[in-house]
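Please walk me through this model in the viewer, one selection at a time. Tell me what to pick next and what is found there.

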Amino acid sequence: GQPLGPRRLSLKPVPKVPNMEGFLDEALVKVKKQARGCLAPELCFQAVRAATKSPFAEGVRRERELFQVLLSSGQAQALQYAFFAERAVRRWATPSGASWSSAAPQPVRRAAVIGLGTMGRGIVTSLVKANIPLVALEQDLENLNKGRKAIMLLLEREAMKMEGGAQILDFHNPAHLQFTVDFDLLHDVDLVIEAVFENMALKKEIFHKLSKICKPGALLCTNTSALNIDEIASATNCPQQVIGTHFFSPAHVMRLLEIIYGSHTSPTAIATAMQLAKTLKKVGVVVGNCFGFVGNRMMFPYIQQAVFLLEEGSRPEAVDQVLEDFGFKIGPFRMSDLAGLDVGWRSRKDQGLTGPSLPAGTPAQQRHGQRYSPLPDLLCEQGRFGQKTARGWYLYEKVGGRTATPDPWLLNFLSQYRDTHGIQTRFIDQEEILERCLFSLINEGFAILAEGIASGPEHLD
């Protein structure tokens, strides 16, 4: 029989908290740092701030205004597009007429991973987390033990994040995860993922071996980031079973899995790789075979423009900041340092763009009649490979460190380089940085689409 009025929370006055302004200012700095370039978290913050200052009805009205801003924003449309694009890529098709609607996957009851470097370790971790029993293979005992130690650390960290932890993963059980140097143990696996480093001769040697040892029908996958799938398949007697499964680093974290079919890859193989992506809780995207496929092929001109900007007068931290403020999680130079500058260097050497196989007298800044920047090659010659050597485009606090600080050495190095090549520096504004990096990325995407390497724009995005 009592009136409800005084008991309604919405009618109570907002309590005054000491130092509210200071607290809110600190919170805003955190929100801006965590959600760079994103509108929604900042507007959520403004709604909370309104609640501390105004009566309930006014606070709700303000929240509605902010919500309307987000509802009609370009970011909301982009996120909705991304949501549907991720789902659209499940419906894959190839120019030969194979497609998701007619191809059925094979079951994968047991898998294997060859090569326990950075990529192999992440792939093993992904498979264990998806409860797929597997064999992890290295070429020699020293690398096997090094790989095993690193994988156990990774798995323990992953287990701590999960409810129920290690009991669920059960990675100490050899029936679930077996380490070996013996190829013969792969005779009964349903799927092998090769993750050795990017060297065609080595990959062909491994695939030749696998096609003799593995059972007929076993899927042979390569985690290459750029090499020709058909050439790798040519070393086997079952090219229809060979497919590219390009994981992105770190493989147990990144959700993208690029699935590359060669000219002989069977529809069943594609369907099985797509099913594997789903089991690993990754987004599988089916693309065609060309140098760098889609992910890396689009990355090349993007990074190339970033390096040209340095030549012309910009700095790594300036380029990274513009792209991170735009919404990229990590700018091109911090990303290169994280991935390792030596990876691209090795690839450019194999392509004859740099190193001993480059014909004498080739101009330093020209390749195949196109502009070329030798800057990344020169850094590698100095032993600067990024985080793994604590020096790259940036300085790091220790080997494997994560905190990038601008390096005075680099500024000096750049100015010497510009003097050598007679480059006049100029001021480069944010707009130019953004447009040159993004438009080169977008234009490459259009070229990929025009060549039929990707079957739709959603696959690129």
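Select residues 242-247 and 256-261 first. These are strands E6 and E7, which pair in the antiparallel sense over five bridges. The model is a predicted one, so treat every value here as computed from it. Now pick Ile243; opposite this residue, in E7, stands Tyr261.

Follow the chain into the loop between E6 and E7, where Pro250 has its place. Show the backbone there. The peptide bond that joins Ser249 and Pro250 is cis, with omega about -5°. Most peptide bonds are trans.

Widen the selection to the whole sheet. Eight strands make up this open sheet, in the order E3-E2-E1-E4-E5-E6-E7-E8. The pairing is mixed. Go to the edges: strand E3 (177-180) is one edge strand and E8 is the other, and each pairs on one side only. On average, neighbouring strands of the sheet are turned by 25° against each other, direction ignored. Strands of a sheet pair through backbone hydrogen bonds, either parallel or antiparallel.

Next, add residues 200-213. This is helix H8, and the helix lies across four strands: E1 (111-114), E4 (191-194), E5 (219-222) and E6. Line up the view with E5. H8 runs at about 170° to E5.

Return to E8, residues 283-287, and turn on a pocket display. Which elements each supply at least two residues of the lining of the second largest pocket? They are helix H4 (74-88), helix H10 (267-279) and strand E8. H10 gives the most, with five residues. The space in this pocket is about 420 Å³. Its lining counts 18 residues, and those closest to the centre are Arg90, Met274, Gln275, Lys278 and Gly284. Colour the lining by residue type: nine residues are nonpolar, two are polar and seven are charged.

Zoom out and colour by domain. The domain assignment gives domain 1 as 12-71, domain 2 as 111-289, and domain 3 as 295-355 + 365-459. Domain 3 is thus written as two ranges. Place a marker at the centres of domain 1 and domain 2, taken over C-alpha atoms: 46 Å separate them.

Last stop: Asn19. Find this residue in the segment before helix H1 (20-34). Check its backbone angles. Asn19 is not a glycine, although its phi is positive, at about 60°. Most residues other than glycine have a negative phi.

Methods
Residues are numbered from 1 along each chain as its sequence is written. This is a predicted model: local features need pLDDT of at least 70, side-chain atom pairs count only at pLDDT 80 or more; totals for chains, interfaces and linings use all residues. Side-chain values use heavy atoms; hydrogens and water are left out. Domain bounds come from an automatic or database domain assignment. On a 1 Å grid over the protein atoms alone, a cavity is a set of points where a 1.4 Å probe fits but cannot get out, and a pocket is an open set with protein on both sides within 12 Å along at least five of seven lines; lining residues have an atom within 4 Å of a point. Grid points are joined across faces, edges and corners, and a volume is the space filled by probe spheres set on the points. Ala, Val, Leu, Ile, Met, Phe, Trp, Tyr, Cys and Pro count as nonpolar, Asp, Glu, Lys and Arg as charged, and the others, Gly among them, as polar. Two strands pair if DSSP finds at least two bridges between them. Axes are lines fitted to C-alpha atoms, for helices over the stretch in contact, and angles run from 0 to 180 degrees between N-to-C directions. Contact means heavy atoms within 4.5 Å.
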